[in-house]
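Let's talk through the charged pairs in this model, and ask what earns each label.

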Amino acid sequence: MQTCKSCIKEIEVGATKCSYCQAYQLWYKNPQHYSLIFMLPFLVFMFWNTGLFYKKYFIDFENEFTYTQEKVIEIKGSNAKLITFNVKNNTNHKWNHISYEIVSNHNGELLAATADSNYAWVIQPNSASLLTVKVPFIPNANEWHLKIKDLKSDRY
Ligand SMILES: [Zn+2]
């Protein structure tokens, strides 16, 4: 004998339903819960669709990016420069939504760091892409280093 989970009276072993209070002894035998079972694949799909299963974080891939400075252009009539970096993506993923920092140096000495982002910039898997950034005029600066702070990756 076993006892009913609801009224604690003794019922037959293996009974799915209590003969006294009609309570179902196993939640999945209760027709009121059938809809949950049918919902399950849908809920799994919804969760999969959020991207949480395969989210890629830039921090895990940052060593697979290399940067070289292509050119520096002075903007006439402005105290700013346009610096173009060639960014090489050695990962098998496409990245976008870049957040970066430009570190301005004078012969290796840190002068300033400028943070910015460019959500339109995209880099394809295993390829290079040019990134042109505008940096304010900083007296004595003769080197500018790109440091990517963050990138987002699509699902595929
Ligand atoms: Zn019962």
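Buried means under 20% relative accessible area, exposed over 50%, and partly exposed in between. The model here is a predicted one.

Q: Why is Glu-101 called buried?
A: Its relative accessibility is 18%, and the cut-off for buried is under 20%, so Glu-101 counts as buried.

Q: What makes Lys-149 and Glu-101 a salt bridge?
A: The rule asks for a side-chain nitrogen of Lys or Arg within 4 Å of a carboxyl oxygen of Asp or Glu. Here the N to O distance is 3.7 Å, so the pair qualifies. This pair links distant parts of the chain, with Lys-149 in strand S8 (residues 143-153) and Glu-101 in strand S5 (residues 95-106), 48 residues apart.

Q: Why is Lys-149 called partly exposed?
A: Its relative accessible area of 45% falls in between the 20% and 50% cut-offs, so that label applies.

Q: How do you know which label, buried or exposed, fits Glu-74 and which fits Lys-81?
A: Glu-74 has a relative accessible area of 54%, and exposed means over 50%, so Glu-74 is exposed. Lys-81 has 11%, under the 20% limit, so Lys-81 is buried. Their side chains meet in a salt bridge, at 2.8 Å from N to O.

Q: What makes Lys-152 and Asp-150 a salt bridge?
A: Their closest N and O atoms are 2.6 Å apart, which is within 4 Å, so the rule is met. Lys-152, at 37%, is partly exposed, and Asp-150, at 25%, is partly exposed.

Q: How many salt bridges does this rule give?
A: The count comes to three.

Note on methods: Residues numbered from 1 in each chain as written. Predicted model: local features only at pLDDT ≥ 70, side-chain atom pairs only at ≥ 80, totals over all residues. Heavy atoms only, no water. Buried < 20%, exposed > 50% of the residue type's maximum accessible area, 1.4 Å probe, protein only. Helix = DSSP H or I, 4+ residues; strand = E, 2+ residues; numbered from the N terminus.
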